[in-house]
Amino acid sequence: MNLRQLFLNSVAQTSPAPVGIQVKKAKGIYITSLDGKRYVDLISGISVNNIGHRNDAVVNAVRKQTSRYLHTMVYGEHVQHPQVRLAQLLTSLLPSHLDSVYFTNSGTEATEGAMKLAKRFTGRTNIVAMKNAYHGSTQGALSLMSNEYFTAAYRPLLSGVSFIDYNHSSNFEAINNHTACVFIEIIQSEAGYIPGEIEFLKALKKRCSETGALLVVDEIQTGIGRTGTMFSFEQTGVEPDILLLAKGLGGGMPIGCFIANKKVMETLSENPVLGHLTTFGGHPVSCAAAIATLEEITSKKMMESVDRKEQMFRKFLFHPKINAITGKGLMLGVHLGDEKTVQDVIAKCYEKGLLIDWFLFNDKALRIAPPLIITEGEIKKVCKIITDSLE
Ligand SMILES: Cc1ncc(COP(=O)(O)O)c(C=O)c1O
């Protein structure tokens with residue numbers, strides 16, 4: 001059996017038709033396959049490789065940390081320099097009330113932790129989420145998914161979850177004094193990169209403050225520079241009570257976190273103690289990689305060009321079959337009107353060495369989320385490949 005057959009045979013599959021590139025190497029915005037073909041990665045696998053694949057500073061930080069120590073003890077028991085420094089760095093970038101970081105291995109675990117934290121702190125059980133949101137795939141996170149197709153087979157899920165329409169302030173009565181928290185994405189990722197309207201986000205925050213519900217902002221896809229600021233809530237005037245990060249944070253290494261006020265977070269350490277546990281959360285190698293990632297984004301001023309690059313995509317992705325381009329910064333949804341066109345364009349782009357994707361809850365749009373380091377020349381080239389594929 002060749003490697004591809006072994007992959008299909010022995011690695012658990014989640015779809016009948018995986019892309020299945022046999023990866024040899026990845027660097028910058030490129031992934032090279034075993035047969036020597038080079039692909040431009042226009043989705044950053046997905047929204048992870050914000051600073052490009054195998055960034056030198058990240059690789060060096062990983063090397064350095066592996067020469068010191070790997071895992072020593074379950075989360076929270078030992079003082080580990082990379083964890084402490086990363087928590088300090090993250091909180092220095094955030095509003096002062098977000099001063100305590102709980103590290104996880106992934107985004108869905110950050111969601112789980114935030115749900116538990118909000119229930120514990122408020123003493124309430126109900127949770128409100130947005131229709132068409134995606135917060136992860138474990139049973140708690142899946143409970144926050146409105147889409148029946150993906151959830152029905154796994155019921156029963158958590159009770160006490162209700163859904164409201166994104167960008168509609170009309171059914172805020174679902175948020176009341178039984179609500180522990182409300183989950184929101186600043187840009188709804190899997191709906192097709194649909195930005196939250198500022199007035200809606202502000203009204204939501206107001207409703208949360210009035211009812212005592214905590215506002216959980218999921219920046220697992222929007223964070224780490226993707227929309228031109230380190231966190232996209234910075235552009236809205238709405239501050240989270242709990243912030244979720246993952247994906248791009250580790251520069252290609254697995255890490256996530258939920259961040260809240262220390263007073264809120266302290267509820268996890270008392271009555272009962274050990275309110276949330278993880279063995280590997282905040283792994284020192286991942287934390288070292290995350291520090292390097294944040295430092296690279298800042299020192300190389302990677303966020304400064306995001307707005308200009310967004311405008312270039314909007315200018316060069318011009319074609320009669322493109323109905324709309326939604327999103328912000330380098331997370332753009334190119335809406336094409338029908339699923340077949342989307343699938344045809346994805347296949348054509350793949351042939352021409354361009355990795356592009358669709359969305360979980362929107363099969364009529366293309367996902368564009370390249371590494372932030374993509375150059376203006378490369379943007380012109382990839383836009384031409386996409387518009388040629390639309391012909
Ligand atoms: C907005 C959002 N939240 C949560 C998650 C879950 O993160 P993970 O896949 O790391 O568990 C994802 C993953 O795609 C996401 O896009």
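## The second largest pocket

The second largest pocket has a volume of about 650 Å³. Its lining counts 25 residues, and the closest to its centre are Y75, G76, S100, V101 and Y102. This is a predicted model.

Three elements each give at least two residues to the lining of this pocket: α4 (81–92), β4 (100–104) and α9 (262–265). The largest share comes from α4, with five residues. By residue class, the lining of the second largest pocket has eleven nonpolar, ten polar and four charged members.

## The cavity

The structure holds one cavity of 30 Å³ or more. Its volume is about 80 Å³. Lining the largest cavity are 15 residues; M73, V74, Y75, Q80 and Q83 are the closest to its centre. Y75 thus appears in both lists: among the residues closest to the centre of the second largest pocket, and among those closest to the centre of the largest cavity.

The cavity lining divides into nine polar residues, five nonpolar and one charged.

## Two domains and their interface

The domain assignment splits the protein in two. Domain 1 takes residues 3–54 + 302–390, and domain 2 takes 58–299. Taken over C-alpha atoms, the centres of domain 1 and domain 2 are 25 Å apart.

In the contact between them, 30 residues of domain 1 meet 33 residues of domain 2. Together the two domains bury about 2600 Å². Carbon and sulfur atoms carry 64% of that area. On the domain 1 side, M303, M331 and F361 lose the most area to domain 2. These three residues together make up 30% of what that side buries.

## Salt bridges

How many salt bridges does a search of the whole structure find? The search finds 14. Across the interface of domain 1 and domain 2, the rule finds one.

E190 and R367 form a salt bridge through their side chains, at 2.8 Å from N to O. The pair links distant parts of the chain, 177 residues apart. E190 sits in the loop between β8 (187–188) and β9 (194–195). R367 belongs to strand β17 (residues 362–368). By the domain bounds, E190 falls within 58–299, in domain 2, and R367 within 302–390, in domain 1.

## Backbone details

Most residues other than glycine have a negative phi, and most peptide bonds are trans. Three places in this model depart from that pattern, as follows.

The peptide bond from R155 to P156 is cis, with omega near 5°. P156 lies in a loop, between α7 (148–151) and β6 (161–164). A cis bond also runs from N271 to P272, again with omega near 5°. The loop that holds P272 is between α9 and α10 (284–299). Helix α9 is also one of the elements that supply at least two residues to the lining of the second largest pocket.

R54 is not a glycine, yet its phi is positive, near 50°. R54 is placed in the loop between α2 (44–47) and α3 (56–66). In the domain assignment, residue 54 ends the 3–54 part of domain 1.

Note on methods: Residues numbered from 1 in each chain as written. Predicted model: local features only at pLDDT ≥ 70, side-chain atom pairs only at ≥ 80, totals over all residues. Heavy atoms only, no water. 1 Å grid on protein atoms, 1.4 Å probe; cavity = no way out; pocket = protein on both sides within 12 Å on 5 of 7 lines; lining within 4 Å. Points joined across faces, edges and corners; volume = space filled by probe spheres on them. Helix = DSSP H or I, 4+ residues; strand = E, 2+ residues; numbered from the N terminus. Nonpolar A, V, L, I, M, F, W, Y, C, P; charged D, E, K, R; others polar. Domains from an automatic or database assignment. Contact = heavy atoms within 4.5 Å. Buried area = accessible area lost by both parts, 1.4 Å probe. Salt bridge = Lys/Arg side-chain N within 4 Å of Asp/Glu carboxyl O.
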